[in-house]
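Please open the model in your viewer and keep a selection panel at hand. The stops below move from helix packing to aromatic side chains.

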Amino acid sequence: MVRVFYSQKTEDLIQKMTLINWRSHVQNDLTQEHQNMSDNWKMCAIGERIRIEGRDLESIKDLSPEAIRLGYEFSVAMQEKDNEKALEIITMIEKLPTIWRDEN
């Protein structure tokens, strides 16, 4: 028999790992490549969360209205090279209980 101990500390570590790739992009100098990536839903911050959750996006309509709004806002922040706003949006994406419309 194996016992697994799952603590609040473990939960905190898991939460800190989410959307780490986009956090590092945004904290560094933003390039045209990052701006172009933010226009693609599967490659933007929402896309990173999709990969973490192990699902695939077939249509933007699969996402919750809040996730769609944050995705658009993230893309705009990236186009405007507004690192601070982009980081705020990443945090909001991380805090969404779900990004999927069918799980609301």
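Does H5 pass H6 in a left-handed or a right-handed crossing? Before selecting anything, note that this is a predicted model, in which local features need pLDDT of at least 70 and side-chain atom pairs count only at pLDDT 80 or more, whereas totals for chains, interfaces and linings use all residues. Residues are numbered from 1 along each chain as its sequence is written, and side-chain values use heavy atoms, with hydrogens and water left out.

Select helix H5 (residues 65–79) together with H6; their axes (lines fitted to C-alpha atoms over the stretch in contact, with angles from 0 to 180 degrees between N-to-C directions) lie 9 Å apart and make an angle of about 160 degrees. H5 and H6 are therefore roughly antiparallel, a term for angles over 145 degrees. The crossing of H5 past H6 is left-handed, meaning that the near helix is turned anticlockwise from the far one by less than a right angle.

Next, show side chains for the contact (heavy atoms within 4.5 Å), which involves Leu-70, Glu-73, Phe-74, Ala-77 and Met-78 of H5 and Lys-85, Ala-86, Ile-89, Ile-90, Met-92 and Ile-93 of H6.

Now keep H6 (residues 83–95) and add helix H4 (residues 45–53), where the axes come within 10 Å and cross at roughly 30 degrees. That makes H4 roughly parallel to H6, the term for angles under 35 degrees. On the H4 side the contact is made by Ala-45, Ile-46 and Arg-49, and on the H6 side by Ile-90, Ile-93 and Glu-94.

Finally, select Arg-55 and Trp-100: Arg-55 lies over the face of Trp-100, at 4.0 Å from the ring centre, under a criterion that asks for NZ of Lys or CZ of Arg within 6 Å of the ring centre and within 35 degrees of the ring normal.

How values were computed: Helices (H or I, at least four residues) and strands (E, at least two) are DSSP runs, numbered from the N terminus. Angles under 35 degrees count as roughly parallel, over 145 as roughly antiparallel, 65 to 115 as roughly perpendicular and the rest as oblique.
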